[in-house]
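The paragraphs below go through a predicted model, beginning with its strands and ending with its charged side chains. Please keep the sequence and the structure side by side while reading.

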Amino acid sequence: MTQYYDVEAVRKLFPVVEKMTYLDSGFQTPMSTPVKHAFETFIQESYETAGPKSVWIDRMEQTRAKVAALLNAAAEDIAFTKNTSEAMNIAANALPLNAGDNVLMIHGDHPNNTYAFLNLKKKGVEVLFIPMTEIVNADSFRPHLDANTKVISISYVAFHAGHRFDIESIGALCKAKNLYFVVDIMQAIGVVPIDAKKVGATFIGSGTHKGLLIPQGLGLLYWDRTRTELEPAYLAAISLENPPADFIARPDDMAPAPTAGRFELGNFNLPAIHGLGAALDLINEIGIEKIEAHCFDLGDRLIAGLDALNIKLVGPRDRSNRAPHIYVAALPADEWIDYFASNDVRVSPERDGVRISLAMFNTVSDIDRVLDVIKKRGNTTGRSSKAA
Ligand SMILES: Cc1ncc(COP(=O)(O)O)c(C=O)c1O
């Protein structure tokens, strides 16, 4: 295996992974020591001084700039949200859609992305689903476009089998046809490099508890600021270009901020934003391309091991259309999950098998261990295992 960075040193920052074989970062990543310290700094300051709010806001802006840099965007393009669902709902409700318009999505994509658009049914907006195939690109959508199509919305990486859809070709199609393009990058960010400008998305939404390495409760939204017609459905003082300094609301001065801050509401999840700043420093110290390359190599080893055991890989195999870090083995999840847990292997049940998902701290020994645990049970259908 190529040594892209000092994985053993990184591993030491995630103490939980010494206690179990952690192959579940597609669900949630464990907390690292630098993130814990950042949370502790916030708690200590809050406890001892009741909060240097200006210092916290300053750190928040530094974190916003780090999020932006990871997406090759400007800080002004980024809003903080509560999670992916909120980001997707903000996006869906900012689009100027009317009765009869339609939105194209992929059947079986994540429900937290899908419901944001299905909810527009109330306005008479229809959501049409194209089939989920191993490769989804502009050609997959082209035959489904009609005069009423206004939006395409998809996830970059599919959570349940690791498909990595061709968002750049779909973004180019949206540009050519003057469609809005909304992308959920929750399963990709922090592991797969993303260039918001190249993608050409109108909105990109995400949470932060997977590749961005902090606990649940913080999300982000990228907005293409040239789309000035997109206004927030909800408003607070902070969303405005001129928030009233005297805290008296002015009905005649309600222009939304020219930045993505127009989509923000009220106070922020400051402790989580502190954690996120530390997580982004860690990702930047290693380098996102190196994290991606490392996960791809581990994935190759996993696929070869599953092949040797004659276990089908559910999602795509080819690096050009698979995510580096999400793999589903076609083992009946209900018959295998408890067995993995009893062997201290943490994985997730998915619709077509067991999901083995990777992060910056995983090593060859984690891959070999999960393969050994499968081998030990012997019967890969799980039906008549004695070991379980
Ligand atoms: C593609 C995708 N979108 C969204 C989410 C989660 O949504 P939220 O951040 O709103 O909890 C997940 C998984 O947790 C996901 O895999």
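A good place to begin is the open sheet of seven strands, whose order is β2-β8-β7-β6-β5-β3-β4 and whose pairing is mixed. At its edges stand β2 (78–81) and β4 (126–130), each of which pairs on one side only, and from one strand to the next the twist averages 20°. Within this sheet, strand β7 (residues 203–207) and strand β8 (residues 219–223) run antiparallel and are joined by five bridges, with Phe203 standing opposite Trp223 in β8. Helix α6 (residues 111–118) lies across β3 (102–106), β4, β5 (149–155) and β6 (180–184), and runs at about 160° to β5.

The sheet belongs to a protein chain that has 13 helices and twelve strands. For its 388 residues, a compact globule would have a radius of gyration near 21 Å, and the 22 Å of the protein chain agrees with this; the C-alpha trace spans about 75 × 60 × 35 Å along its principal axes. Buried residues make up 54% of the 388 residues, and, of the contacts with a separation of 6 or more, 71% are between residues 24 or more positions apart. The protein chain exposes about 16800 Å², of which carbon and sulfur atoms supply 52%.

Turning to the charged side chains, the structure holds 19 salt bridges, and one of them is formed by Asp281 and Lys66, at 3.0 Å from N to O. Because Asp281 lies in helix α10 (residues 270–286) and Lys66 in helix α4 (residues 53–70), this pair ties together parts that are 215 residues apart in sequence. Asp281 counts as partly exposed at 33% relative accessibility, and Lys66 is partly exposed as well, with a relative accessible area of 21%.

Another salt bridge brings together the side chains of Arg322 and Asp300, at 2.9 Å from N to O. Here Arg322 lies in the loop between α11 (288–308) and β9 (326–329), whereas Asp300 lies in helix α11, so the pair ties together parts that are 22 residues apart in sequence. Arg322 counts as buried, at 2% relative accessibility, while Asp300 is partly exposed, with a relative accessible area of 31%. Both residues belong to a network of salt bridges that links Asp297, Asp300, Arg319 and Arg322. A further salt bridge joins the side chains of Asp139 and Arg142, at 2.4 Å from N to O, and Arg142 counts as partly exposed at 41% relative accessibility.

Notes: Residues are numbered from 1 along each chain as its sequence is written. This is a predicted model: local features need pLDDT of at least 70, side-chain atom pairs count only at pLDDT 80 or more; totals for chains, interfaces and linings use all residues. Side-chain values use heavy atoms; hydrogens and water are left out. Two strands pair if DSSP finds at least two bridges between them. Helices (H or I, at least four residues) and strands (E, at least two) are DSSP runs, numbered from the N terminus. Axes are lines fitted to C-alpha atoms, for helices over the stretch in contact, and angles run from 0 to 180 degrees between N-to-C directions. Contact means heavy atoms within 4.5 Å. The radius of gyration is taken over C-alpha atoms; the globule rule is 2.2 Å times the number of residues to the power 0.38. Buried means under 20% relative accessible area, exposed over 50%, partly exposed in between (1.4 Å probe, protein chains only). Accessible areas come from the Shrake-Rupley method with a 1.4 Å probe; for residues, only the protein chains shown count as cover. A salt bridge is a side-chain nitrogen of Lys or Arg within 4 Å of a carboxyl oxygen of Asp or Glu.
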